[in-house]
Amino acid sequence: GSILSPDGRCRAFDAAARGTVGGSGAGVVVLRRLNDAEADGDTVRALVLGSALTNDGARKIGFTAPGINGQTRAIRGALAVAGVEARTIGCVEAHGSGTELGDPIEVAALSEVFGAGPARSVALGSVKTNVGHLDAAAGAAGLIKTILALEHREIPPSLNFERPNPEIGFARTPFFVNTELREWTADEGAPRRAGVSAFGLGGTNAHVVLEEAPEPEPSSPSAPWQLVVLSARTPSALEAATDRLAAHLRASPGDALADVAFTLAEGRQAFAHRRALVVHEEEDLAGLLARRAPGRMLDGTADGAAPVVFLFPGQGAPTPGATRGLYDGEPAFRAEVDRCAEILRPHLGLDLRELLYPPLGAADAAAARLRETRLAQPAAFALSWALARLWASLGVQPEAMAGQGAGEMVVAALAGVFTLDQALAVVAERARLVQGVAGGALLAVTAAEDEVRPFLRAGVGLCAVTPGGCVAGGPEREVAELRESLLREGIAARPVVSPHAFHSPMMEAVVQPLRAAVERAEPRTPSIPFVSTTTGRWITAEEAADPGYWASQPARTVRFADAVAELARVPERVFLEVGPGATLAGLVRRHPAYAGRTVIATLAEPGAGPDVARLRRAAGELWAAGAPVRLGALWQGERRRRVPLPTYPFERTRHWIDPDPEPADAVSTARSGDDALASAEWGVPARANGNGAGAEMPIGASAAVAGGRRIG
């Protein structure tokens, strides 16, 4: 008379059905509005068209008895909410507990709604024949089974069915029990639909109407280079995640690389132990992951949100076409380059974009013109500004900044000391004035500032103090004589190719004319802190608002080494060079305060790969170091899909009390004569029962484990 099957088999709808089988499990189903899921590129496995819930507990003959009226109302209500007719349903996942009373009533309730219909047109099944009755998760199990059937367009078999229950009368219904894997066909243009029932003891009846998911829109094209990221809570879990992804990609190679990268970036939580990899769409990502490709893996540990320092270079001519990929593929970058070019057009008398992105065959001529200081410095400013705004679109905001030479004008514009229009006007005037200064010479000296100063002569000054050395500059003859003096003393010194002796005493001629341009710009106090490379310390509000500071800067020593030392006082800071080249990143790495810090160049020297790949590598390095990066913005404006990928590799830890290795009989014999000891061991008062084995236990402590045996 029990609900449980006497032979341990659930035989839903079979003549030999005598009850269900217990099971243990849980089910998780993620529900979203369809338009939200499609907008985010989620994998949609099925649609929930409608559902209904009834309770007929007061109208049944008993608490555990099924009720035909309540089931009928639930099924009919779900179809009404879904707005579809019963004849469009091709499969019903029944409650199907396999009881003598429940199965006939369930089919009768279904028939009330579906009618007679053509025989063998609606497949009937029950997942309880596979996994047993999962109690509170039974309905979720049936729902998941049906979702998978719709997704794969196959109806799985219901087990343990040999002869139909004669009380059901299948011949008078449209239903048949499906006993084999069956292709789920549908009329052309008609979607596959299914119903799922779940009935609970006490009178609760639920029914859900499902429909197969619509065909997803194809992904849009993306950049050929993609950033792939992985993370985990422990190093060993990170290795497991890497292996699992490699195995999955080998087994399911059909997903677009951009969709895989997007899913890992947007569909996974970022943990402390991180790994990033930039890969081309034609490369074997699975192979790169499996062999941990040397030189390609960017590993790091994020202990918290790492603050980022922006570094802006000041000298050096941009290479024509070096940022073509970013200009063509990154709207945020292109918009800012266009903006700067339009502002600079009246100051330069040309469109800077014609030099930065010359037509085929004009690169050499463009490079020659960009070597002119009056064009090189505005061009470097425009690229650095555009890269900074591109990083902002990726969620990377500087906690502090520093700029070398003319690069400090980019710092000033970002910090609000000048507007962009004002900064570009000052930079263009500064570059024009410097262009008019007679050519000089620069000398890189491998010695500290104090060692070099005694050798300086009239007209020659220290132009820059860098990690591991300094740069002297002035008229060509005097600089050549300085080099000879240094070499005689065994101090290494080599000439630096440069059109001018930047930041040497020769630049005093530009100070007064430049001051007039700065005064027109009306500098203000900064909104973002930055370290002055003129003083080597944090800029003060008074200095930033002083036109004299900015006007004299071209003639003053660049104290980059001091600026790095000041910024390095916060050990968590990540240094990011924002501009063409990687000169400043190299200098920071040579600084004594470097000590293994994360130093990144947005665009390494040409030859290190396409600019798009270098940007993604820099983003991966920032992310691996714990800097706040919105990786999802790398695919902004694209239509991307979240594809099924391996989930987190949980490292299972066993938490179980092992039984006493001593044989149970020995333990029993040892303890049987010592009732008081046993009672004290379990913390309960003893009560003699004639054989010394009794113990009175409080409610809530009715069982315990001793010596591998259950007692109490």
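# Note on helix packing, sheets and an aromatic pair

1. Helix α13 passes α14 in a right-handed crossing (the near helix is turned clockwise from the far one by less than a right angle). The model is predicted: local features require pLDDT of at least 70 and side-chain atom pairs 80 or more, whereas totals for chains, interfaces and linings use all residues. Residues are numbered from 1 along each chain as its sequence is written, and side-chain values use heavy atoms, leaving out hydrogens and water.

2. Helix α13 covers residues 373-393 and helix α14 residues 407-414 (helices are DSSP runs of H or I, at least four residues; strands are E, at least two); their axes are 9 Å apart and the packing angle is about 40 degrees (axes are fitted to C-alpha atoms, and angles run from 0 to 180 degrees between N-to-C directions). The two helices are therefore oblique (neither under 35, over 145, nor 65 to 115 degrees). On the α13 side the contact (heavy atoms within 4.5 Å) is made by F381, S384, W385, A388 and R389. On the α14 side, M409, V410, A413 and L414 take part.

3. A second helix pair is formed by α2 (residues 68-82) and α3 (residues 102-114), whose axes come within 9 Å and cross at roughly 40 degrees. Helix α2 is therefore oblique to α3, and α2 passes α3 in a right-handed crossing. From α2, the residues I68, Q71, T72, I75, R76 and L79 meet I105, E106, A108, A109, L110, E112, V113 and F114 of α3.

4. One open sheet consists of 4 strands in the order β15-β16-β14-β17, with antiparallel pairing (at least two DSSP bridges between strands). The edge positions belong to β15 (461-466) and β17 (493-496); each has a single partner strand, so one side of each is left without a neighbour in the sheet. From one strand to the next, the twist averages 25 degrees.

5. Within this antiparallel sheet, β14 (residues 441-445) pairs with β17 over 4 bridges. Residue V445 stands opposite A493 of β17. Helix α17 (residues 476-488) lies across β14, β16 (469-474) and β17, and its direction is at about 20 degrees to β14.

6. Another open sheet has 5 strands, ordered β18-β13-β12-β19-β20, and the pairing is parallel. Its edges are β18 (530-531) and β20 (599-603), each with a single partner strand, so one side of each is left without a neighbour in the sheet. Strand β19 (residues 574-580) pairs with β20 in the parallel sense over 4 bridges, and the bridge partner of L576 is I600 in β20. Helix α14, described above as packing with α13, also packs on this sheet: α14 touches β12 (308-312), β13 (400-403) and β18, and its direction makes about 150 degrees with that of β13.

7. The structure holds 9 aromatic pairs (ring centres within 6.5 Å). One of them joins F271 and Y648: the centres are 5.4 Å apart and the planes stand at 70 degrees, an edge-to-face arrangement (over 60 degrees). Residue F271 lies in the loop between α7 (257-266) and β10 (273-280), and Y648 in the loop between α23 (611-624) and α24 (664-672), so the pair ties together parts that are 377 residues apart in sequence.

How values were computed
Phe/Tyr/Trp six-rings, centres within 6.5 Å; stacked < 30°, edge-to-face > 60°.
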